[in-house]
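Let's take a relaxed look at a few annotated positions and what surrounds them. Have the 3D view open as you read.

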Amino acid sequence: MQWRSLVLGLLLLRLGLQALLALLPALAPGLCLRRRFPFPFPPPAALGPPAAPAGSSHWGSLLRRGGGDGGTTGGDEYERRYSGAFPPQLRARLRDAARGMFVFGYDSYMQHAFPQDELDPLHCRGRGPDHDPSNLNINDVLGNYSLTLIDALDTLAVMGNSSEFQKAVKLVIDTVSFDKDSTVQVFEATIRVLGSLLSAHIIITDTKQPFGDMTIKDYDNELLHMAHDLAVRLLPAFENTKTGIPYPRVNLKKGVPPDSNNETCTAGAGSLLVEFGILSRLLGDSTFEWVARRAVKALWNLRSNNTGLLGNVVNIQTGHWVGKQSGLGAGSDSFYEYLLKSYILFGEKEDLDMFNDAYRNIQNHLRRGREACNEGEGDPPLYVNVNMFTGQLMNTWIDSLQAFFPGLQVLIGDVEDAICLHAFYYAIWKRYGALPERYNWQLQAPDVPFYPLRPELVESTYLLYQATKNPFYLHVGMDILQSLEKYTKAKCGYATLHHVVEKTKEDRMESFFLSETCKYLYLLFDEENPLHKSGNKYMFTTEGHIVSVDERFRNSLWKDILPGEEDSAEKIKPNELKAVNFSSNCNRVPDERRYLLPLKSNYMRQIDRMVGLI
């Protein structure tokens, strides 16, 4: 009888243990058993390029294969890694880590590079314009005007560092001049320098001071005057062009160079309206918005009659499309972004009409894959590069700049499609620990393997988290932060990855790393930031600079010199933006309640299938 009692006891013990194990997933959040990544981060597994399966020629296999650390794990791994609450203590540590990343890069620049434009993080020295005028990769951006300091101004404010913000503003006022014999790209000077000066000016003059005391003693609108001075020096780019589309480059002292190129990209010429429009409306001078808006309309009128698409390179004198590729990446990206953001900021209905038409044509001709994200036959959705006139596929690569598009889709309420596209780029990040500049989805390998610390994936991650509040995106941000710390940190700052597979570095830290990448990471983890408690008061420019959405920017001064535009002057007030209806297949205005709970059970699992975790 004793042995029978012993067997029965063991059996009951086994059943009890099994019941306890079954209950553990439900108890785990309270017991903190799902905190997979303690801080500091454990090193990720070495990530190498995937070998394409025999006969594979589509992107779906990438999304179905294992990621860098996911492999072919099942639902248990999904539950363990992504579901449940994100521990607030971990979130606070990640916020501090993102701030520390910015501080290390910023302090390194100030110590080793200022007043030059950029920091060389491997040799701890500064970098300015190249004496070789053909080195456009450098000279388009660097104008000998302390670029990195200017570009980082509003990040200092967003992080609440009032003392350093005030010090930096005074340095800019006292030391920076645009009276330089520097030939710069109009687009880069506008989004990085002009946009940051305007953003900092708006922060300083905000009577509510939401980020702390960012006021400057005896401030006399100096940053606004500097922005005006720079914009005046950029205006010659809009002269002597038969189409109204500006020259791509201008010398800040001499105007358009005699040997200037007559070819420019769509994004470069058509993404000036936000900054130029803000400047015009702050100054009460319509000139700047008028030339920028004229360029947008000129490009818009050159779209294909057949597809409604635009190319990526155009001749500013003839209006002939030199580059016939239509896509969402380099050469095109911010053109679409600024159609929508100009509307959000200025309330001009014609901007929304152009965006709606553009978005409809993108959906009709660039989107490939099945109609629904997480159901149906075929590959998951992807946006490809096509011929603007025929809609036929031109190549099989996408570039990292396209990772901004899910964030733009969030702004118009197309959250479902944004989730799918974001998951594709996150799958690539998981594979390499970075986004290669170009990725060939057919060969499943990088075409251009460098990564210059771009922010687009972080930006979309942040905006998707704001739209869904799903902790999955906090995990994504943690992965990105981990990869940046492991692979790009250098002796003095953070360095471009020369090769995402080999993890070799280049001696360059572009200014957008501080103005965008660090800012979006910080805001992702800083739930209590004043930016999140402003009732959608702020909008990000394409360089990540914050500008307020308010009535100051609703006066259409440009119509004084563009007669006949009154009929298109219908305005939408800032507090009415959420109620805007988008026509045709753009009619996907988000219902916030819809995405909070179903997202976990439906889309989260679909995303994990795409990156190979289940």
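What follows is a short tour of some active-site positions and a nearby pair of strands.

Keep in mind that this is a predicted model. The unreviewed UniProt entry puts the feature "active site" at Glu188, Asp333, Glu437 and Glu456. Of these residues, Glu456 is included in the lining of the second largest cavity.

Here we'll zoom in on two of the residues.

| Residue | Where it sits | Relative accessible area |
|---|---|---|
| Glu437 | loop between helix H17 (415-432) and strand S13 (438-440) | 12% |
| Glu456 | helix H18 (residues 456-468) | 11% |

Are they buried or exposed? Glu437 counts as buried because its 12% relative accessible area is under the 20% cut-off. Glu456 is buried too, because 11% is also under 20%.

Now for the company they keep, skipping neighbours within four places in sequence. Glu437 is in contact with Ile398, Asp399 and Ser400, and also with Val448, Phe450, Pro452 and Arg454. Glu456, for its part, is in contact with Ser400, Leu401, Ala403 and Phe404. So Ser400 turns up in the contacts of Glu437 and in those of Glu456.

Next, the strands. S13 and strand S14 (residues 445-448) run antiparallel and are joined by three bridges. Val448, one of the contacts of Glu437, belongs to S14 and stands opposite Arg438. The hairpin of S13 and S14 has four residues between the strands, and Gln444 there takes a positive phi near 55°.

Note on methods: Residues are numbered from 1 along each chain as its sequence is written. This is a predicted model: local features need pLDDT of at least 70, side-chain atom pairs count only at pLDDT 80 or more; totals for chains, interfaces and linings use all residues. Side-chain values use heavy atoms; hydrogens and water are left out. UniProt positions are given in the numbering used here, feature names are shortened, and annotations may be inferred rather than shown by experiment. On a 1 Å grid over the protein atoms alone, a cavity is a set of points where a 1.4 Å probe fits but cannot get out, and a pocket is an open set with protein on both sides within 12 Å along at least five of seven lines; lining residues have an atom within 4 Å of a point. Helices (H or I, at least four residues) and strands (E, at least two) are DSSP runs, numbered from the N terminus. Buried means under 20% relative accessible area, exposed over 50%, partly exposed in between (1.4 Å probe, protein chains only). Contact means heavy atoms within 4.5 Å. Two strands pair if DSSP finds at least two bridges between them.
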